[in-house]
Amino acid sequence: MQLSEFIDNYESLTSKITCLCGSKWHLPIKPQERFRIPVRFSMCTQCGHVYAANPMRADALETFYSSALYRDLYSSGFSVENHIAKLNVPYRSKTSLWNISESLLPSSGGNVLEWGCGGGWNLIPFRDFGHSVIGVDVNEPYLEAGRRILNLDLRTISTQTLNDISQIKFDVIILNHVLEHLLNPEELLNDLKALCSLSTKFVIGLPTLETIKEYGFDRYFTIAHIHYFSVASFSRFLSRCGLSIEATHKTQGGLTFVAGFKSSSGVRRERFGFLKSLFLLNRSFLEFHLRKFAKNLLSRTKLTKRFK
């Protein structure tokens, strides 16, 4: 399917959702995403969480993530094999995810799960340093290529897969740029608790609102992402799931959090979440347009000098 055809058919694929906090009150902030697909983005006036108010249905999302259109939009047109080969790393490479996770694991023989693994490239260092790794995803072409090219244990996301690995208690569960793609990320975290011990750590990468300036206001919002957490809103979300942030790391494309099970119950109420998120968005919006104005002004100045 071509992008223009997908844009025309988008509304027929959508569902309507409310904020993760349960509130139905929201403020519209953007009528379309970076490729001009009519995804309507809103900010919850209760807690400040930013989300897509009309995302694709679960079945349409699964089809989209396995489609050639998704690969064309987000993989720079690489074939599956070429994309995996590009992201493959040398033996025992100390990637950012490995450096974040190393202290969370035993010296060897740990159990690592990556949920939303793509072709499995993030798991290579963990395997090379002596740990048992399993990756799961919905994208069959990437799973098949990862098994064949990288020789990894990669499985299709399903209830059966959860049952098959339910006897394993994982030391580390990686969710690298995954939760923002899900209609109900809380449901996934609750399902994964069956695979955890009290010492299990979650390593979670997100393109938070704090990093919007790296993308630019116009390019930050994308059909691939449903939820746009700030550090504050993500902390509250984890608290509702019985987890808390233990460390935060700046990584490519956003922030990576280490989260563990909370020792106490209760969710801290955020009194100014809406104002904080509004400030982050407005600052990024102004920065984006000021940079655009300065760039245009510089181009006109150079052009004027050329023809003097």
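Modeller: Helices (H or I, at least four residues) and strands (E, at least two) are DSSP runs, numbered from the N terminus. The model is predicted, so local features need pLDDT of at least 70 and side-chain atom pairs pLDDT 80 or more, while totals for chains, interfaces and linings use all residues. Residues are numbered from 1 along each chain as its sequence is written, and side-chain values use heavy atoms, without hydrogens and water.

Colleague: What phi does Asn151 take just after H7?

Modeller: Helix H7 spans residues 140–150. Asn151 comes just after H7, and its phi is positive, at about 55 degrees.

Colleague: Which residues of H7 are buried?

Modeller: Buried means under 20% relative accessible area, exposed over 50%, partly exposed in between (1.4 Å probe, protein chains only). Among the elements covering the buried residues of H7, by contact (heavy atoms within 4.5 Å), are helix H3 and strand E5. The buried residues are Tyr142, Leu143, Ala145, Gly146 and Leu150.

Colleague: Which residue of E3 stands opposite Phe41?

Modeller: Two strands pair if DSSP finds at least two bridges between them. E2 (residues 41–44) is covered on both faces, with Phe41 and Met43 buried on one side and Ser42 and Cys44 on the other. E2 pairs with E3 (residues 50–52) in the antiparallel sense over three bridges. Opposite Phe41 in E3 stands Ala52.

Colleague: Which strands are the edges of the sheet?

Modeller: The open sheet has four antiparallel strands in the order E1-E2-E3-E9. Two of them pair on one side only, and these edge strands are E1 and E9.
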